[in-house]
Amino acid sequence: MAEIRWTEEAHRWLRDIHDYIAEDNSAAAQKVVSGIYEKIQVLRRFPKIGYKYRTEAEGEIRILLYGHYRIAYLLRSTSGIDILGVFHGALDIDRYFP
């Protein structure tokens, strides 16, 4: 099973998503964040479930979908998975991964 690590940026994005939704509905915010976290846990057993965005020297950047959100992660060839960010689907992901 793959080890999952979160970058600080990914944690910040997830907190921002929670805070934005919580302004209107705190229960919905918790549900979305919990759903994203649970979806990421699937990567432990199925690390290639997301589609390949591009290949880097460190490994493959892949995208896992959850509702309106895209979860970007780096699948390293030997040392597990790094969660890079959680993006709303309306955002231009190319802006964050030039």
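This briefing describes the fold, the cores, the surface and four selected residues of one protein. The model is predicted. The protein is built from two helices and five strands, and these elements follow the order β-α-α-β-β-β-β from the N terminus on. Its largest nonpolar core holds 20 residues, and a second, separate core holds nine.

**Overall form**

- The radius of gyration of the protein is 13 Å, which agrees with the value near 13 Å that a compact globule of 98 residues would have.
- Taken along the principal axes, the box filled by the C-alpha atoms is roughly 40 × 30 × 20 Å.
- Among contacts with a separation of 6 or more, 43% are between residues 24 or more positions apart.

**Nonpolar cores**

- Within the largest nonpolar core, the residues with the most contacts are Ile36, Leu43, Ile81 and Ile83.
- Four elements each give two or more residues to this core: the helices α1 (8–22) and α2 (26–41), and the strands β4 (69–76) and β5 (80–88).
- Helix α2 supplies the largest share of this core, namely five residues.
- Which residues does Leu43 touch, once residues up to four places away in sequence are not counted? They are Ala2, Ile4, Ile49, Leu64, Tyr73, Ile81 and Ile83.
- Two of these partners, Ile81 and Ile83, are themselves listed with Leu43 among the residues with the most contacts inside the largest core.
- The second core is separate, and its nine residues include Ile63, Leu74, Phe87 and Phe97.

**Burial, surface and charge**

- Of the 98 residues in the protein, 39% are buried.
- The protein exposes about 6100 Å², and carbon and sulfur atoms supply 52% of this area.
- The protein carries 14 positive and 14 negative charges, and the mean positions of the two groups are 7 Å apart.

**The loop between α2 and β2**

- Arg44 has its place in the loop between α2 and β2.
- Arg44 counts as partly exposed because its relative accessibility is 30%, which lies between the limits of 20% for buried and 50% for exposed.
- Although Arg44 and Ala2 are 42 residues apart along the chain, their C-alpha atoms are separated by 4.6 Å.
- Not counting residues up to four places away in sequence, Arg44 touches Met1, Ala2, Glu3 and Ile4.
- Ala2 and Ile4 are thus touched by Arg44 and also by Leu43.
- Pro47 is found in the loop between α2 and β2 (51–56) as well.
- Is Pro47 buried or partly exposed? Pro47 counts as partly exposed, because its relative accessibility of 23% is not under the 20% that defines buried.
- Leaving aside neighbours within four places in sequence, Pro47 is in contact with Arg62, Tyr73, Leu75 and Ile81.
- Tyr73 and Ile81 are contacts of Pro47 and also of Leu43.
- The C-alpha atoms of Pro47 and Ser79 are 12 Å apart in space, while the two residues are 32 residues apart in sequence.

**Two further positions**

- Ser77 is found in the loop between β4 and β5.
- Ser77 is exposed, because its relative accessible area is 72% and exposed means over 50%.
- Ser77 and Ser34 are 43 residues apart in sequence, and their C-alpha atoms are 27 Å apart in space.
- Asp19 lies in helix α1, one of the elements that give two or more residues to the largest core.
- Asp19 is partly exposed, with a relative accessible area of 46%.
- How many residues lie along the chain from Asp19 to Leu91, and what distance separates their C-alpha atoms? The two are 72 residues apart along the chain, and the separation of their C-alpha atoms is 17 Å.

Key:
Residues numbered from 1 in each chain as written. Predicted model: local features only at pLDDT ≥ 70, side-chain atom pairs only at ≥ 80, totals over all residues. Heavy atoms only, no water. Core = buried A, V, L, I, M, F, W, Y, C linked by side-chain atoms within 4.5 Å. Buried < 20%, exposed > 50% of the residue type's maximum accessible area, 1.4 Å probe, protein only. Contact = heavy atoms within 4.5 Å. Rg over C-alpha atoms; globule rule 2.2 N^0.38 Å. Areas by Shrake-Rupley, 256 points an atom, 1.4 Å probe, with all protein chains shown as cover. Lys, Arg positive; Asp, Glu negative; His and termini not counted. Charge placed at Lys NZ, Arg CZ, Asp CG, Glu CD.
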